[in-house]
Amino acid sequence: MSNALQRDLERLVVRVEREDGPRAAADPYRPRFHLMPPVGWMNDPNGLCRFGEWYHVFYQYGPFDPTGGVKHWGHYRSRDLLHWEQLPPMLYPDQPWDIHGVYSGSALVEDGTMYLYYTGNVKYAGDYDYITAGRGHNTALAVSHDGVTVASNELLLENKDYPENVTCHVRDPKVWAQDGKYYMVLGARTKEDRGQLLVYESANKRNWKHINTLTTPEVFGYMWECPDLFCLDGQWFLMCSPQGVTRQGNKYQNVYSCGYFPLHGDFRGAYTLGEYQELDCGFDFYAPQTFVDGERRLLIGWMGMPDADYTNPTVENGWQHGMTVPCELKRDSEKLLRVPAPEMEALRGERIAPEQAQIFDLEAQTAPRGRLVIRGAAVLEWDEGTLSLTLVQGGSGRTVRYAEPGTVRSLRVLADASSLEIFVNGGEQVLTTRYYPAPHACGVQSEGVQAELWAMGALQIQ
Ligand code: FRU
């Protein structure tokens, strides 16, 4: 199934990747063990799934503009999370309902077929605020039988089908099967600027009925982007990326937040949401998505932050942003622990001395008070239950972020060429950030730390 616009876009993407790809690939800040766009811009992970023997990672891809541009669904797949194949974009903005961007969504895998639910973005020309008028946010379904090409694409819901009290901002469907039915959550902004999730039910994957709305008793932000709703080890969690949550002390330090509520009761009927927890306290983490892989639930997030006042020098080389490493989620009562998928350990090379460290994996037992200085650029300090991450060099506008983990007992740091993922106390708290140390800067200095370090190898991407 393709049309003339899609064929032209396909050719343009191939050309821009061929022409601009080498410059992006030669950037000293290009990550070694993270997924990033071949050229241009990347944001949210989309359609994460296990399809037969393959893991599929789709993502918001702006191939023509490293600062954004019209969104496609970029595509990688892998059998082991280590060797990746870059495939042509799965979805192009080529239908009347997605002409200004194939926005975020998710995958449902059933009977050897991949169902990709996404938001088609349409921006009408005119004098609109694009919140209450002028924007179409359409829920659409693309079906694939081979996981590589799209067999059909259809419009399922338009703005007129959503509840009366919501604005045009209704997007990012997350779909799953349960109890012989299908469920979908959509993030929404109401006309009173309240963030909420719309819950839909379907018997056939195509006709959807609004059956419930999930929100907090007090307004918590004006829009909940990229929702996810899942049960882990007997506890339900509602995950989302709320916009418009104002900073309170060391909480909600970024322009937009990203976290979860434990959900009690039934998302289809009577429910309550427990205390909101932030998923990450660093500068660059947003719009994560989870998926089931056998017995485990994996999560990948976007290593970026929309509308932030800091930036990334990689734009000069024609690309921007990346994904986090895949992580496993574990339940600790009403909280989630997040740890790197064990597969990442296969990338560990030789043990190295701290002064040699550049691209590395560090595991440490820590004293209650201590400090790590990474490549002269990032300073991690902890004492009396508070941990700070200060970018003293190469922050491109990033300054300091805080976490409150209680006593710091252990740290794991995954340091790539231009990113840090810092897992505190077995994933109770995580800080994810991009950073840009001088390319040859090396070494980790520490106090209050018993560390083991490994040089990290690279993902193989073909
Ligand atoms: C989150 C988001 C989504 C939207 C997509 C567009 O980063 O704004 O809500 O679908 O990005 O790229």
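Start with Glu 225: one of its polar side-chain atoms sits 2.8 Å from an oxygen atom of the ligand, which fits the cut-off for a polar contact, a pair of N or O atoms within 3.5 Å. Asp 44 also has a side-chain N or O atom 2.8 Å from a ligand oxygen, and for Arg 171 that distance is 2.8 Å too. On its own, the ligand has 320 Å² of accessible area, and the protein covers 91% of that (areas by the Shrake-Rupley method with a 1.4 Å probe).

A word on what you're looking at: this is a predicted model, where local features need pLDDT of at least 70 and side-chain atom pairs count only at pLDDT 80 or more, while totals for chains, interfaces and linings use all residues. Residues are numbered from 1 along each chain as its sequence is written, and side-chain values use heavy atoms, with hydrogens and water left out.

Now look around the ligand. Its surroundings include Asn 43, Gln 60, Lys 71, Tyr 103, Asp 172, Cys 226 and Tyr 286, each with a heavy atom within 4 Å. Sorted by class, this shell has five charged, three polar and three nonpolar residues; here Tyr and Cys count as nonpolar, and Gly as polar.

Step back, and the ligand's space turns out to be the largest pocket. A pocket here is an open set of points on a 1 Å grid over the protein atoms alone, with protein on both sides within 12 Å along at least five of seven lines, and lining residues have an atom within 4 Å of a point. This one holds about 650 Å³ of space, and 28 residues line it, with Lys 71, Tyr 103, Arg 171, Glu 225 and Pro 306 closest to its centre. The lining splits into ten nonpolar, nine polar and nine charged residues.

How values were computed
Polar contact = N/O pair within 3.5 Å; in protein donor to acceptor, adjacent residues only side chain to side chain. 1 Å grid on protein atoms, 1.4 Å probe; cavity = no way out; pocket = protein on both sides within 12 Å on 5 of 7 lines; lining within 4 Å. Sits in = over half its atoms within 2 Å of the grid points. Points joined across faces, edges and corners; volume = space filled by probe spheres on them.
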